[in-house]
Every structure is written in structure tokens, then in C-alpha cells.
Amino acid sequence: MIEALLAKMIKTGDLTAHLPGGRVVKAGDGSGPPVVIRINNRGLRRLANPSLGLGEGYMEGDVVFERGTIADLLTIVGESGGRKPKRGSALTRFRKALKRRIQQVNDRVASRRNVAHHYDLSNDLYRRFLDADMQYSCAYFERPDMTLEEAQAAKKALIGRKLLIKPGMKTLDIGSGWGGLSMTLAKDFGARMTGVTLSTEQLALARERAEKAGLADRIDFRLTDYRDLNEPFDRIVSVGMLEHVGAPNFQTYFDTIARLLDEDGVAVVHSIGKMHGPGATNAFTQKYIFPGGYIPGLSEIVAAIEKAGLWITDIEILRLHYAETCRIWRERFLADPDIPRMFDERFRRMWEFYLAGAELGFRHGGHMVFQIQLAKKRDAVPLTRDYLLTARD
């Protein structure tokens, strides 16, 4: 079984697998740096379901690397075409759709529980591998030599330009995280911000940061579900939030944006997406990293936007930007000297696999990031994209 699996998934690269009983299996064409792994009996059983089993096997110590890293192995898989999107049969697509609805109910109670699972781990953990502003979403590399800090600042500035904020505009940040984007929009663009989150850890730090920066009078951070808001906003921004909404709730999400947005308002939604349309969340990610999460296809999003009665005034697709972001996060995570003291080896391997797998999805799979600009009126934004360049100059 393992021989057939490796032959199917590994076409390039140089992989050697040592199996129980002394068996040795080689896969790939022998090119590139060698990767050598040792798999025990439990690891072999796990690999019967590789989308979950490889991550679990590495996390639990059933797949051990004697040469190379999990990132090296995933690179071989990606370069071999192992992450190319597969359409599947009508029955397969139906089963995935049903699975989405079961996993992603995400009512108010489930949403708060799912957010706490990931974002309330430890602010100190995130400080150690994110940029100084703690941006936990795709950076924008205007130049390939940008540092992570520069690329995250460029991302925030790009979003600010797309929002066309004028000083004093009432602006909502759905999923405000640790507050960095709200602080930038208040400080650099003059917005009066309302930021909502379901993470108590994020809320406390965001309020503390705004107070220290002298922005507390211009930013109102709340522990609030966006669906419970009932006030108008001139501008709405949502970065890295849509991935947590769940497919059954896309319509509610965009209906809420339409309900809260002023008639002359502008909104920008920044989210991970899939170029191959609807599917199921990766099993490892669903179980261990982002329960209730789902990465949408643009087709799903556009349909919900149309029903909400909103104009799509601009779409920009960021492709390899998140691959580079995840690479830097992974390298910082592994290099930090204190994380081994803070978390056990199982947790560290789990997160190493998560970050390496995320990079693989953007570098070799069908993942990308989209920024969609929305409005109620067709002329709420300029009719050409020149303003995005002139504002930067």
C-alpha cells in the first residue's frame, strides 16, 4: 500500500522511506536534496488517509525525518503535482458539500468556541513569528526583497487606498485581531474605527495597544459577533475573517455587510480563496488548526454578493504573496529559542506541519488570496484604478 501511495504522489525529488521490518522504499526521480524518513507501524496505518495521516504521523512521532524536513517532503509532493486540484465525480462533490454544511454551522456559540481554539492560544506565541504589528494574514510583497514588516505595512496601505477613507469616516473592521489594521486606518487615514472580534486574548491586547499609541479615543474595540451589529458605517473592512464564516453562512455575511454599509459606502474583503471552486476543508486543518474554517471558491462568494445586492467594483488576486508570508512565519517559528520552552514537541510539530502545508497550498496547490472591493452604488469609487497608484506616490 505505501509503495503504491508514494509512487502516485512522488514523481520528482529524492525520497527514501524506511519501513518496519527493514523494508526500504524509494520514490521520485532522484533529483534535488535527499529526504529520508522512518515510518513505524502506527504511521503506516495513519497513511491510509494521507491528507490527515501524514500530519498526524509527523505530529505524533510516527513519521520521523532522518534527513530533510517536513517542508522538504511537502515541496516534493507539490512539485510532483500532488496538490493539483481534482474535480471529482458528482457524488464526491455532493459528499463534500454535505460535509461542509455539517462542519461549518458556525452559530454564535460555535464561532466563539472555534475562535478561542486558535486565537486564544497565547499572544506571546504569535508575537514570536508574526511581524511587529502582529498581522496574521497575507502580506503584500511589492518587491521581492521586502522584509515581512515592510510587506505587511504595504498590505495595510493598499487596503486603506482601496477603502478611499476620508478623515472622520466611521469604519468597521470585522475580525479586528490584535488591532493593527484598525490602528493604521485611524492613524494614517483618519478613520474613526470600530473593531469587532470574538477572541478575548486579541481584544485585550488590541485595547492595550490602542491606548499606548494614543488612539483609544478613535478606536472602539468590542467583543461582538459582527451579525449582532446594528449601526451604519461609511466603510467596512474584513481581513482574514471570511475563512472562519463557513459556507452555510456566506449569504448572512454579505447580507450583513450590505445592511451595515452606508448608501455611499465602500467595503473591502480580504480572504484566502481557492481557484478550483467549492471543496472540503483539509482534514488536518479542520481537526487541529481551524475547526469550522473553510476556504471559499470565488464562485461561492460572487453568488452571495450578487444576492446581497452589492456591486463588485474591484477584484485583485494575490497568488504567491501568501506562500512567501507562510515561509517567513515558519522560519521564524522554528528559529525562536523560547517556543520549545513554551510548548511541547507535539504542538511544535503540529504547527510546523500547519505552516509548511499552508505554504504548499499557495506555492503548488490551488490557494490564493483575493481582495474584493464592494459598494452599493456603481459610482461609489473612481471608474479607473489610477487612484491606487497616485495615492501611494
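Hi everyone, let's begin at one residue and work outwards. Met-342 sits in helix H15, which covers residues 339-342. Please keep in mind that this is a predicted model.

Is Met-342 buried, exposed or something in between? With a relative accessible area of 23%, Met-342 is partly exposed, because buried would need a value under 20%. And which residues does Met-342 touch, leaving aside those up to four places away in sequence? They are Ser-122, Asp-124, Leu-125 and Arg-128. Take Leu-125: Met-342 and Leu-125 are 217 residues apart in sequence, yet their C-alpha atoms are 8.2 Å apart in space.

Now let's step back to the whole chain. The protein chain has 393 residues, and 54% of them count as buried. You can find 17 helices and 11 strands in it. If we take the contacts with a separation of 6 or more, 71% of them come from residues 24 or more positions apart.

Next, the inside. The largest nonpolar core has 68 residues, and the ones touching the most other members are Phe-129, Tyr-136, Trp-329 and Trp-351. Which helix gives the largest share of this core? That is helix H16, residues 345-363, with 10 residues. There is also a second, separate core of 29 residues, and among its members are Phe-233, Leu-242, Phe-254 and Val-269.

Let's look at a pair of helices. Two packed helices are described by the angle between their axes and the distance between the axes. For helix H8 (residues 148-163) and helix H14 (residues 321-335), the angle is about 140° and the axes are 11 Å apart. That angle is why H8 counts as oblique to H14. Their crossing is left-handed. Where do they meet? On the H8 side we have Leu-148, Glu-149 and Gln-152, and on the H14 side Thr-325, Ile-328, Trp-329 and Arg-332. Sorted by class, this contact has three nonpolar, two polar and two charged residues. You may recognise Trp-329 here, as we met it in the largest nonpolar core.

My next stop is helix H9, residues 180-189. Eight of its 10 residues are buried, so H9 is largely enclosed by the rest of the structure. Those buried residues are Gly-180, Leu-181, Ser-182, Met-183, Thr-184, Leu-185, Ala-186 and Phe-189. What covers them? The cover includes helices H8 and H10 (200-212), along with strands S5 (170-174), S6 (192-197), S7 (219-223) and S8 (233-239). Right after H9 comes Gly-190, with a positive phi near 80°.

That brings me to backbone angles. Most residues other than glycine have a negative phi, and most peptide bonds are trans. So which residues should we look at here? One is Met-134, which is not a glycine but has a positive phi of about 60°. Met-134 is in the loop between helix H7 (123-129) and H8, and it counts as buried because its relative accessibility is 7%. Another is Leu-164, with a positive phi near 55°. Leu-164 lies in the loop between H8 and S5, and with a relative accessible area of 24% it is partly exposed.

If you open the structure afterwards, try starting at Met-342 and finding Leu-125, then follow H8 across to H14. Thanks for listening!

Methods: Residues numbered from 1 in each chain as written. Predicted model: local features only at pLDDT ≥ 70, side-chain atom pairs only at ≥ 80, totals over all residues. Heavy atoms only, no water. Core = buried A, V, L, I, M, F, W, Y, C linked by side-chain atoms within 4.5 Å. Buried < 20%, exposed > 50% of the residue type's maximum accessible area, 1.4 Å probe, protein only. Helix = DSSP H or I, 4+ residues; strand = E, 2+ residues; numbered from the N terminus. Axes fitted to C-alpha atoms, helices over the stretch in contact; angles between N-to-C directions. Parallel < 35°, antiparallel > 145°, perpendicular 65-115°, else oblique. Left-handed = near helix turned anticlockwise from the far one by under 90°. Contact = heavy atoms within 4.5 Å. Nonpolar A, V, L, I, M, F, W, Y, C, P; charged D, E, K, R; others polar.
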